[in-house]
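Reader: I have a chain to go through with you. Can we take it piece by piece, one question at a time?

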Amino acid sequence: MAKPININKANFTQLKAIKKIGETRALAIIAKREEDGLLNLDNLKEIPEAPQSLWTALLNEKIICFEDPEESDEGQEVLKNTIESLRHKILSVEKSRDDMAETFQTKIEKISEQSKAHIEEQRLMFEQQRDVYTKQKQEQIEQMKEMIKSQNEEIKDIHEYSKKIQTQLQQKETLLKVEKVIAEKEEKSSPVQLLKGKYNANDHKHSDYGGPTAPKMSTYDGRNDWRPYYLQFSTIADRCKWQRL
């Protein structure tokens, strides 16, 4: 059995010698091959110089072929090796992808743990700062309370002192009035006033103790200072010439 002629490698002479091809169709095959490159059955069916059934019949009778059988076996081996190489590459890529995904997941978990630790550290630091700040403010509040209490006590003391001063002023004012009254009475009872005829017996009433009648004095209440009362009483007693019992 004759070896099939490879349409993609045969020259003009070889193509022309094929049954039912001839010169015209051989030239058309070469032109189509130059136009499309490697031919197949679909390319041959596009050649208008030959019916489509011609090419099918030539292929079935194994008069023509598109590649040599040896090359086909070699091509299959190359294809097989290529497929195997691609399979290994795919496996390698998948493994690299899985390793990368695992590494990425590990990094994510590590970053997550670091973030949690950092957040916890920040929270503890914030709580410590908050406690210190709260303690400082509480101490300041206590100091303010003590200061307000001290100021209130000072104000109270000032009020007491002011009240005491006011009482003393009132006592001194009363004493001055008493001294003024006594001075006026003494002036009226002086020899000069008697000579001028201005003596009035009512102005010189004497008490049972031999002196003029004393004016009304302030009563000691037992709470304030006793010395102004004593001074008032002593002054009136001396002016009225009271005798000690």
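Reader: Which helix holds Leu54?
Author: This is a predicted model. Residues 52-60 form one helix, and Leu54 falls inside that run. The helix is α4.

Reader: Is Leu54 buried or exposed?
Author: The cut-off for buried is under 20% relative accessible area. Leu54 has 9% relative accessibility, so Leu54 counts as buried.

Reader: Which residues does Leu54 touch, not counting residues up to four places away in sequence?
Author: Leu54 sits in α4. With sequence neighbours up to four places away left out, its contacts include one arginine, Arg25. The residues touched are Lys20, Ile21 and Arg25.

Reader: How far apart in space are Leu54 and Leu44, C-alpha to C-alpha?
Author: In sequence, ten residues separate Leu54 and Leu44. In space, the C-alpha to C-alpha distance is 9.6 Å.

Reader: What span does helix α2 reach from its first C-alpha to its last?
Author: Helix α2 runs over residues 22-36 and has 15 residues. At 1.5 Å a residue, 21 Å is expected, and the model comes close to that. The span reached is 21 Å.

Reader: Which elements do the buried residues of α2 pack against?
Author: The buried residues of α2 are Ala26, Ala28, Ile29, Ile30, Lys32 and Arg33. Lysine and arginine thus appear in that list, as Lys32 and Arg33. Their packing partners are α1 (12-16), α3 and α4.

Reader: Which residue follows α2, and what is its phi?
Author: Helix α2 covers residues 22-36. The residue that follows α2 has a positive phi. It is Gly37, with phi near 85°.

Reader: Is Lys32 buried or exposed?
Author: Buried requires a relative accessible area under 20%. Lys32 comes in at 12%, so Lys32 is buried.

Reader: Which residue of helix α2 meets Lys32 in a salt bridge?
Author: Both partners lie in helix α2, four residues apart, about one turn of the helix. Residues three or four places apart in an α-helix point the same way, because there are 3.6 residues a turn. The N to O distance is 3.0 Å. The partner is Asp36.

Reader: Is Asp36 buried, exposed or partly exposed?
Author: Partly exposed lies between 20% and 50% relative accessible area. Asp36 has 33% relative accessibility, so Asp36 counts as partly exposed.

Reader: Where does Glu46 lie, the residue whose side chain meets Lys32 in a salt bridge?
Author: The Glu46 and Lys32 side chains meet at 2.7 Å, N to O. The pair links distant parts of the chain, 14 residues apart, with Lys32 in helix α2. Glu46 is in the loop between α3 and α4.

Reader: Is Asn43 buried or exposed?
Author: Asn43 is found in helix α3, residues 41-45. Its relative accessibility is 13%, so Asn43 counts as buried.

Reader: Which residues is Asn43 in contact with, leaving aside its neighbours within four places in sequence?
Author: Two of the contacts, Lys32 and Asp36, also meet each other in a salt bridge. Leu38 is in contact with Asn43 as well. The full set is Lys32, Asp36 and Leu38.

Reader: How far apart are the closest N and O atoms in the salt bridge of Arg130 with Asp131?
Author: Arg130 has a relative accessible area of 42%, so Arg130 is partly exposed. At 43%, Asp131 also counts as partly exposed. The closest N and O atoms are 3.3 Å apart.

Reader: Which residues are joined into one network by salt bridges that share partners?
Author: The structure holds eight salt bridges. Lys32 meets Asp36 in one of them and Glu46 in another. The network joins Lys32, Asp36 and Glu46.

Reader: How far apart are the end C-alpha atoms of residues 134-161?
Author: An unreviewed UniProt entry annotates this span as "coiled-coil region". In the model the span is 100% helix and 0% strand. The end C-alpha atoms lie 40 Å apart.

Reader: Which residues make the nonpolar surface patch of about 280 Å²?
Author: One of them, Met147, is found in helix α5, residues 69-188. Met147 has 40% relative accessibility, so Met147 counts as partly exposed. The patch is made by Met144, Met147 and Ile148.

Reader: What percentage of the protein chain's residues count as buried?
Author: The chain has seven helices and two strands. The accessible surface comes to about 19,600 Å². Of the 245 residues, the share that counts as buried is 18%.

Technical notes:
Residues are numbered from 1 along each chain as its sequence is written. This is a predicted model: local features need pLDDT of at least 70, side-chain atom pairs count only at pLDDT 80 or more; totals for chains, interfaces and linings use all residues. Side-chain values use heavy atoms; hydrogens and water are left out. UniProt positions are given in the numbering used here, feature names are shortened, and annotations may be inferred rather than shown by experiment. Buried means under 20% relative accessible area, exposed over 50%, partly exposed in between (1.4 Å probe, protein chains only). Contact means heavy atoms within 4.5 Å. Patches are made of residues with over 30% relative accessible area and no salt bridge: like charges are joined within 9 Å, nonpolar side chains (Val, Leu, Ile, Met, Phe, Trp, Tyr) within 5 Å. Accessible areas come from the Shrake-Rupley method with a 1.4 Å probe; for residues, only the protein chains shown count as cover. A salt bridge is a side-chain nitrogen of Lys or Arg within 4 Å of a carboxyl oxygen of Asp or Glu. The expected span of a helix is 1.5 Å times one less than its number of residues.
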